[in-house]
Amino acid sequence: MEAAPLPLVPQLGPEMAAVCAALHRRGGADLVTGIGVAALRGTVAVTGVELSDGRFLPADTVIVGIGATPNTAWLAGSTLALHDGVLCDDGCATALPQVVAVGDVARVGGTRAEHWTSATEQPRVAVANLLAGRTRETAGSLPYFWSDQYGARIQFAGRRQDGDGVRIAEGELTDGTPGEGGFLALYERDGRTTAVLSVNRPRPFMRARRELARGGSRPQPAAL
Ligand SMILES: Cc1cc2nc3c(=O)[nH]c(=O)nc-3n(C[C@H](O)[C@H](O)[C@H](O)COP(=O)(O)OP(=O)(O)OC[C@H]3O[C@@H](n4cnc5c(N)ncnc54)[C@H](O)[C@@H]3O)c2cc1C
């Protein structure tokens, strides 16, 4: 169950979120969306979930995945700028010259990414800038995440924004679900590729990811 209209809309946009949501249905899971949880019921153990519209879903196990909020309360009152994380420039430097921030808590150059890639790549840049006493290097790595769902490997890289167009560049959809051989979708804005999504197309995805990281994002002809 999901409070938003579909899972993954902020990450993938509504069209591709719908395609990935179809994986749940194909996998035999009943996806309940657009509704919140009012309470968990049960005394010794959970017996079910009460939804905010009064519906009751019986359950003997409940797995909760409701995201995270950066824990910056302990920094309130310091001179660091805070807004959904610690605000940093492109090199992880904060308003204080001797303080850098990296990983989930850092809003680097306007973006806060909750992915291992950022958490492992940003520290090298942050330390270099800390030692230099100014921003000499930028943490420009391309946001990347993956997820395995019902045997499908979902991979996404890039910086998608609301309003970007999205088209299937390889493979196809079958009744709104990923076809047998998966697919590769490109997000585009002003004729440039901004992000790439693949389902079960790891090699073309890695090529497209490298191309995006190099900054060469020429639009490619559609394969369909
Ligand atoms: C269930 C789950 C699955 C995930 N799967 C993926 C995945 O498949 N791919 C992917 O790329 N990313 C995934 N992530 C995200 C990834 O784990 C995070 O992006 C990454 O761990 C961030 O690293 P970090 O060091 O910034 O923060 P964290 O790993 O959260 O480490 C921060 C540490 O700081 C400590 N801390 C907090 N406040 C204080 C304080 N005041 N004083 C001292 N210590 C403090 C915390 O206890 C914690 O140990 C997943 C996250 C979760 C929760």
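Helix α1 gives the largest share of the lining of the largest pocket, six residues. Helices here are DSSP runs of H or I with at least four residues, strands are runs of E with at least two, and both are numbered from the N terminus. This is a predicted model, in which local features need pLDDT of at least 70 and side-chain atom pairs count only at pLDDT 80 or more, while totals for chains, interfaces and linings use all residues. Residues are numbered from 1 along each chain as its sequence is written, and side-chain values use heavy atoms, with hydrogens and water left out.

Let's stay with that pocket for a moment. The largest pocket holds about 1900 Å³ of space. A pocket is an open set of points on a 1 Å grid over the protein atoms alone, where a 1.4 Å probe fits and protein lies on both sides within 12 Å along at least five of seven lines; lining residues have an atom within 4 Å of a point. Of its 48 lining residues, Glu2, Pro7, Leu8, Gln11 and Gly65 are the closest to the centre. The elements that give two or more residues to the lining are α1 (9-26), β1 (37-42), β3 (56-58), β6 and β7.

Now to the aromatic rings. The whole structure contains five aromatic pairs (ring centres of Phe, Tyr or Trp, the last by its six-membered ring, within 6.5 Å; stacked if the planes are under 30 degrees apart, edge-to-face if over 60, tilted otherwise). One of them joins Tyr144 and Trp146, stacked at 5.9 Å centre to centre with 25 degrees between the planes. Tyr144 counts as buried because its relative accessibility is 10%, under the 20% limit. Trp146, at 34%, counts as partly exposed, since it falls between that limit and the 50% above which a residue is exposed (1.4 Å probe, protein chains only).

Phe145 and Phe156 are also stacked, at 5.3 Å and 25 degrees. This pair links strand β6 (residues 144-149), which holds Phe145, to strand β7 (residues 152-158), which holds Phe156, 11 residues apart. Phe145 is buried at 14% relative accessibility, and Phe156 is buried at 4%.

Back at Tyr144, the ring belongs to one aromatic cluster with Trp116, Trp146 and Phe205. The charged end of Arg209 sits over the Tyr144 ring, 3.8 Å from its centre (CZ of Arg or NZ of Lys within 6 Å of the centre and 35 degrees of the ring normal).

Finally, confidence: pLDDT, the predictor's confidence in each residue from 0 to 100, averages 92, and 96% of the residues score at least 70. Over residues 217-224 the pLDDT is below 50. Where pLDDT is low, the predicted coordinates should not be read in detail.

Key:
Contact means heavy atoms within 4.5 Å. Grid points are joined across faces, edges and corners, and a volume is the space filled by probe spheres set on the points.
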